[in-house]
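Here is a short briefing on the ligand site and the hollow spaces of this protein. Take a look at the structure first, then follow the points below.

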Amino acid sequence: MSKKVETVAVVGAGIMGHGIAQLCAMAGLKVYIVDISDEILDKAMERIRWSLSKLAEKGKIEKEEAEASLSRIKPTTSYEDLIDVDLAIEAVPEKMKLKKLVFQKLDEVTPKEAILTSNTSSLSITEISKITRRPDKVAGMHFFNPPQIMALVEVIKGDYTSEETIRRVMELAKALGKTPVLVKKDSRGFIVNRILGALFNKVFWDVHLGRAKKEEIDAAAKYSARLPMGLFELADYIGLDVLAEIMRILSDAYGDRLKYCPIIDELIAQGNLGRKTGRGFYDWSAGRPNIPKELAKEYDTSEFLVVAVNEAAWIVMDEVAETKDVDTAMKLGAGWPKGPLELADELGIEEVVSKLELLFSERGEEIYKPCPVLKDYVKRGWLGREAGRGFYVY
Ligand code: 3HC
């Protein structure tokens with residue numbers, strides 16, 4: 001019987017790392033938060049203090065609980081401190097070389113039965129695991145921004161990850177108050193980033209090619225499709241440097257379907273990385289951007305919704321995740337009111353395919369080419385909710 005996870009290390013104290021460390025401490029675990037300088041660690045602790053007091057202010061936690069959580073976190077620049085951890089969560093920038101260095105160090109210093117996980121948004125868990133002497137104890141544990149609020153954790157199985165490791169990581173995610181979904185295959189973008197990536201790709205090209213304005217797309221996303229944020233607003237929120245890495249990885253993995261759009265390169269070169277620098281697609285100096293509601297009618301939301309459905313269908317076809325888990329992931333990881341496959345059944349799969357075919361014939365862009373699963377469902381008469389069967393059986 002394996003030991004219960006009581007002590008964790010979070011490596012990387014940035015936007016994701018500090019939030020993950022906070023969650024672990026709030027769940028009663030002892031937490032080491034590791035980074036390369038005291039300044040970075042001080043900033044992370046400052047952010048954690050802010051977030052805990054915000055949660056206490058709103059009555060979500062008791063004041064004493066906030067203080068106790070804070071006292072359970074030990075910031076450190078030394079890996080040598082991690083000799084008693086049961087599980088580590090790496091959350092450093094998305095560079096394979098850097099991740100491998102971190103895993104090598106974790107493999108050296110942590111007890112040999114400790115589980116090592118990565119919060120990577122898109123990189124290969126299998127490749128990371130191979131640098132360690134315990135690839136069976138390496139898995140993905142992917143949180144969503146802000147980790148204190150978003151209810152999802154994607155648990156990713158690498159080629160060598162054992163069932164026991166998956167079980168324990170799932171258990172930890174639940175103990176942190178999250179809903180875990182299993183990503184059965186170590187494929188790029190997993191679930192949420194792959195679907196959001198397809199959407200970013202579509203709308204970035206729309207603006208880059210002058211087909212629409214970002215404010216129109218964002219107004220339609222927020223006020224017609226009822227997404228919690230506009231897509232350009234969300235890009236800024238994630239951080240354009242982080243997003244560019246993800247979009248490159250997706251482009252390399254899926255070729256022309258998710259062909260990299262250079263629209264963010266200039267902003268990045270200017271140091272305008274989104275919310276964290278005060279400016280990206282939008283000016284964030286006074287908080288969230290104001291997106292005029294009246295622009296919502298200027299953009300047809302079905303254009304990006306069918307792209308989301310299409311990518312979700314590819315995920316099902318590639319056997320990366322179960323239908324239900326794809327929908328749960330988008331609802332809990334990105335705050336969507338409905339999952340894309342529920343939406344497909346509601347819109348009607350034949351309508352989705354017709355819309356995609358129309359866009360493909362007009363524009364010739366791979367992203368609109370219907371996934372074979374959708375065409376197969378139409379052939380079988382699995383047309384969605386009204387027909388009694390689509391992605392779900394009614
Ligand atoms: N800690 C505590 N409280 C926080 C917080 C934090 N870290 N962040 C925000 N809050 C609080 C705010 O202060 C605010 O409190 P208030 O009501 O007292 O002012 C409250 O939460 C609600 O926030 P907002 O008023 O800003 O607005 P929303 O109601 O829209 O909620 C949101 C914010 C939850 C971020 C929502 O907009 C949302 O779900 N957006 C989509 C986010 C998303 O898609 N995330 C996934 C991105 S992809 C990803 O992360 C993967 C990675 O690999 C890149």
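Helix α2 is a good place to start: with four residues, α2 gives the most to the shell around the ligand. Please keep in mind that this is a predicted model. The points below go from the ligand to the largest cavity and then to the second largest pocket.

**Who surrounds the ligand**

- There are 24 residues around the ligand, and those that come nearest are Ser51, Lys58, His142, Asn145 and Arg288.
- Sorted by class, the shell around the ligand has 14 nonpolar residues, seven polar ones and three charged ones.
- Both domains take part: domain 1 (7–183) and domain 2 (192–299) each supply at least three residues to the shell around the ligand.

**Polar contacts and cover**

- Arg288 places a polar side-chain atom 2.6 Å from an oxygen atom of the ligand.
- His142 also uses its side chain, with a polar atom 2.7 Å from an oxygen atom of the ligand.
- Asn145 takes part through its backbone, where a polar atom is 2.9 Å from an oxygen atom of the ligand.
- On its own, the ligand has 1100 Å² of accessible area, and the protein covers 73% of that.
- Two or more residues of the shell around the ligand come from each of α2 (38–57), α7 (192–208) and α9 (231–238).

**The largest cavity**

- If you are looking for enclosed space, the structure holds one cavity of 30 Å³ or more, and the volume of the largest cavity is about 30 Å³.
- The lining of the largest cavity is made up of Asn193, Leu196, Gly197, Phe200, Ile238, Leu243, Ile246 and Met247.
- Two elements, α7 and α10 (240–254), give two or more residues to the lining of the largest cavity.
- Of these elements, α7 gives the most to that lining, with four residues.
- By class, the lining of the largest cavity has six nonpolar residues, two polar ones and no charged ones.

**The second largest pocket**

- The second largest pocket holds about 250 Å³ of space.
- Twelve residues line the second largest pocket, and Lys4, Val5, Glu171, Leu172 and Ala175 are the ones that lie nearest its centre.
- Charged residues do appear here: the lining of the second largest pocket divides into six nonpolar, one polar and five charged residues.

How values were computed:
Residues are numbered from 1 along each chain as its sequence is written. This is a predicted model: local features need pLDDT of at least 70, side-chain atom pairs count only at pLDDT 80 or more; totals for chains, interfaces and linings use all residues. Side-chain values use heavy atoms; hydrogens and water are left out. On a 1 Å grid over the protein atoms alone, a cavity is a set of points where a 1.4 Å probe fits but cannot get out, and a pocket is an open set with protein on both sides within 12 Å along at least five of seven lines; lining residues have an atom within 4 Å of a point. Grid points are joined across faces, edges and corners, and a volume is the space filled by probe spheres set on the points. Ala, Val, Leu, Ile, Met, Phe, Trp, Tyr, Cys and Pro count as nonpolar, Asp, Glu, Lys and Arg as charged, and the others, Gly among them, as polar. A residue is near a molecule or strand if one of its heavy atoms lies within 4 Å of it. A polar contact is a pair of N or O atoms within 3.5 Å; within protein, one must be able to donate a hydrogen and the other to accept it, and residues adjacent in sequence count only if both atoms are side-chain atoms. Accessible areas come from the Shrake-Rupley method with a 1.4 Å probe; for residues, only the protein chains shown count as cover. Domain bounds come from an automatic or database domain assignment.
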